[in-house]
Amino acid sequence: MLAEDKRGILLESGTNEIEVMEFTINDSLYGINVAKVKEILVSQPVKPMPHAHPAVEGIFKPRDQVITVVDLPQYLLSEPGEKKPKDLFIVTNFNKMNIAFRVHTVVGISRISWKSIQKPDKTVAGGNEGIATGIAQCGEDLVTILDFEKIVAEIAPETTIQMSEIERLGQRERSDAAIVVAEDSVLLSKMIEEALHKSGYVNTKMFPDGQALWSYLNEVRGKKNLEDYVSLVITDIEMPQMDGHRLTKLIKDDKELKHLPLIIFSSLITEEMRQKGKELGADEQMSKPEIGHLVQVIDHLLEEKHSK
């Protein structure tokens, strides 16, 4: 049933909607994008791993595949909780990794507009380092959407963006090409901007969601020197207010802006997502955290654009 639900929304183009799977930890409601969910399993015995992060329970092996288990109650509450036989594992797939998260119950799935998801206030989210990527109105309930990418980056820093990839590109020239980026994760936004600057792309503008970037494009459209304001667009997929697929559709359907090279840089680049992005007109799509590859693709697209 989950696979069928996912196929439905994944194959629709630029609707600016998300399906949120609601789950509980100690009766508090949290949510995850269904596109990140591979399957839900009843919790199973886990083999502990030495010297692991306190929130990493260990590993288990369903169907001949070893999967790391993160104790989400432990991570969120910073104290060991009682593990119950009826606990569930939400097995996820993003950033080309399979990770299981222990939760207490799964409530159901709500299909809502990204506009129904608000960026949490910093006092609620825990400042810039918070792990709530959004607050969703699902029916009568307020659901906290967790930043699973940040959780995994904190638990296993080696799995996220690595500046060493930029260093391996060697000595590079400075470029004034105007690169605009839509990325809702505060952590990843900082890391992407730092990596672009390190690679020579020092003229960057970062936006917290697709709507903010689209508003900027509408401000600068019609200017004779549009190239000074935007040379290339990079967008995440999952974002409050307006997702990356909707942003891609708006840009590529616009007579004045459709020539802009556009890269989808997301943790959700599956075959279905790749097909969807292609139909919407994205010039390139790649999975986080491949920051070195991203810079090389920027080089290529800008070179191609200026040679026309």
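Helices (H or I, at least four residues) and strands (E, at least two) are DSSP runs, numbered from the N terminus. This is a predicted model, where local features need pLDDT of at least 70 and side-chain atom pairs count only at pLDDT 80 or more, while totals for chains, interfaces and linings use all residues. Residues are numbered from 1 along each chain as its sequence is written, and side-chain values use heavy atoms, with hydrogens and water left out.

**Exercise 1. Find where K96 sits and say what its phi is.**

Step 1: Look in the loop between β6 (88–94) and β7 (97–103); that's where K96 lies.
Step 2: Now check the backbone: K96 isn't a glycine, yet its phi is positive, about 60 degrees.

**Exercise 2. Work out how α7 and α8 are arranged.**

Step 1: Get the geometry. Helix α7 (residues 210–220) and helix α8 (residues 244–252) have axes that come within 9 Å and cross at roughly 20 degrees. Axes here are lines fitted to C-alpha atoms, for helices over the stretch in contact, and angles run from 0 to 180 degrees between N-to-C directions.
Step 2: Name the arrangement. Angles under 35 degrees count as roughly parallel, over 145 as roughly antiparallel, 65 to 115 as roughly perpendicular and the rest as oblique. So α7 and α8 are roughly parallel to each other.
Step 3: List who touches whom (contact means heavy atoms within 4.5 Å). From α7 come G210, L213, W214 and L217, and from α8 come L247, L250 and I251.
Step 4: Sort them by class. Ala, Val, Leu, Ile, Met, Phe, Trp, Tyr, Cys and Pro count as nonpolar, Asp, Glu, Lys and Arg as charged, and the others, Gly among them, as polar. That gives six nonpolar, one polar and no charged residues for the contact of α7 with α8.

**Exercise 3. Do the same for α8 and α9.**

Step 1: α8 packs with helix α9 (residues 271–280) at an angle of about 20 degrees, and their axes are 9 Å apart.
Step 2: α8 and α9 are therefore roughly parallel to each other.
Step 3: On the α8 side you'll find H245, T248, K249 and K252, which meet M273, K276, G277 and L280 in α9.
Step 4: Sorted by class, the contact of α8 with α9 has two nonpolar, three polar and three charged residues.

**Exercise 4. Locate P289 and describe the bond that joins K288 to P289.**

Step 1: Go to the loop between β16 (284–287) and α10 (291–307), the place of P289.
Step 2: Check omega: at about 5 degrees, the peptide bond joining K288 and P289 is cis.
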